[in-house]
Amino acid sequence: VHALAVKCAQNAFVTELTHGHLVFASGATLVAVSAQYAAEIVALPIVTRVPGAAAHIEGVFAHRGEVIPVVAFERLLGLASSSTSSRVVLLRLKQGSMGITASKVFGISRIDGTMQRLSESGVKSYLYGPLKADAGEVLHIDAPGLFDYLAGGGL
Amino acid sequence: MKAHVVKCRADGIEFAVEASQISSISAGQPHFAYAGSHRGSGDEKALWSEERALAVDSVEVLADAQELLAVSPILGRGSLALIAFLEWHGDLIPVVSVREMIQWRTARD
């Protein structure tokens, strides 16, 4: 049963790879997220800081009647900020919405490669790569998995 | 969800509370017995909830019921006992639990 579940997950991932991905840079890291979740790219608004929130939460902003939490992606990975983010990639998932900081957006691209988690645990277990996109080597974000991880207070 | 809210400022932070959580609003230093060592402008008010008071520097009772925006689960509730957000003239104001604010401030003081 476990082997079947793993096979199904691999098939789902391979199927996802064949769909378009939004590729963007968050500092020095190129990131790809399935285009089905990338709803909008917005100029980084003035965010409201949330006292007591985790360090990777840049703040929140109101957008179309919803409060969007903005995740500082480099900070989430424990990296020093290497550039100023000017945009937010807004992801809409069935669990909710979140924004990820972006310093540059490359557009929709196919990505190729083999499924390999960066880590077996922690936040990096929701990142896969390195994979190939038109813009270069990218990390693929398992957006629903990452959302659930952050919502569960995984950090 | 719509609710009547009271917008406040304390310790330089603007926040709001649901009016249904407040039994009364009073003014004057004698009411701050339960509010810890808050030091304000000398013109403080107190929000009362279950015979305990939260001292604030200013209070604005909003006339109309306001649409409250849900808190994303990835935010957690933080130290402000966050229960919702209020969009007010383009700003997002945290809506907090009065009871938890009192507990938080009491613990802090």
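Reader: How many salt bridges does the rule find across the interface of chain A and chain B?

Author: Bear in mind that this is a predicted model. A salt bridge needs a side-chain nitrogen of Lys or Arg within 4 Å of a carboxyl oxygen of Asp or Glu. Across the interface of chain A and chain B, the number that fits the rule is zero.

Reader: Which element gives the largest share of the side of chain A that touches chain B?

Author: Several elements chip in: β4 (57-63), β5 (66-71), β7 (96-102) and α3 (143-151) of chain A each supply at least two residues. Sorted by type, that side has 14 nonpolar residues, four polar and no charged. The largest share is four residues, and they come from β4(A).

Reader: How much area do chain A and chain B bury between them?

Author: In terms of contacts, 18 residues of chain A meet 13 residues of chain B. Carbon and sulfur atoms hold 77% of the buried area, and the total is about 1,300 Å².

Reader: And which residues of chain A lose the most area to chain B?

Author: Three of them together make up 35% of what the chain A side buries. They are A:Pro51, A:Ala62 and A:Val67.

Reader: Which residues of chain A does B:Phe85 touch?

Author: B:Phe85 is among the residues that touch the most other members of the largest nonpolar core, along with A:Phe24, A:Phe73, A:Met98 and A:Leu150. That core has 34 residues, and its largest share, five residues, comes from α3(A). In its own chain, B:Phe85 touches residues including B:Leu68, B:Leu75 and B:Ile93. Over in chain A, B:Phe85 touches A:Val50, A:Val60 and A:Val67.

Reader: Is A:Ser109 buried or exposed?

Author: A:Ser109 sits in strand β8 (residues 104-109) of chain A. Leaving aside neighbours within four places in sequence, its contacts are A:Gly20, A:His21, A:Val23, A:Ala133 and A:Asp134. The cut-off for buried is under 20% relative accessible area, and A:Ser109 has 8% relative accessibility, so A:Ser109 counts as buried.

Reader: Which backbone nitrogen lies 3.3 Å from a polar atom of the A:Ser109 side chain?

Author: A:Asp134 is one of the residues in contact with A:Ser109. The backbone nitrogen at 3.3 Å from that side chain's polar atom belongs to A:Asp134.

Reader: What about A:Gly27, buried or exposed?

Author: A:Gly27 is placed in the loop between β1 (21-26) and β2 (29-34) of chain A. Its C-alpha atom is separated by 11 Å from that of A:Val105, 78 residues apart along the chain. Its relative accessibility is 15%, so A:Gly27 counts as buried.

Methods: Residues numbered from 1 in each chain as written. Chains lettered and ligands numbered in written order. Predicted model: local features only at pLDDT ≥ 70, side-chain atom pairs only at ≥ 80, totals over all residues. Heavy atoms only, no water. Buried < 20%, exposed > 50% of the residue type's maximum accessible area, 1.4 Å probe, protein only. Polar contact = N/O pair within 3.5 Å; in protein donor to acceptor, adjacent residues only side chain to side chain. Contact = heavy atoms within 4.5 Å. Buried area = accessible area lost by both parts, 1.4 Å probe. Nonpolar A, V, L, I, M, F, W, Y, C, P; charged D, E, K, R; others polar. Core = buried A, V, L, I, M, F, W, Y, C linked by side-chain atoms within 4.5 Å.
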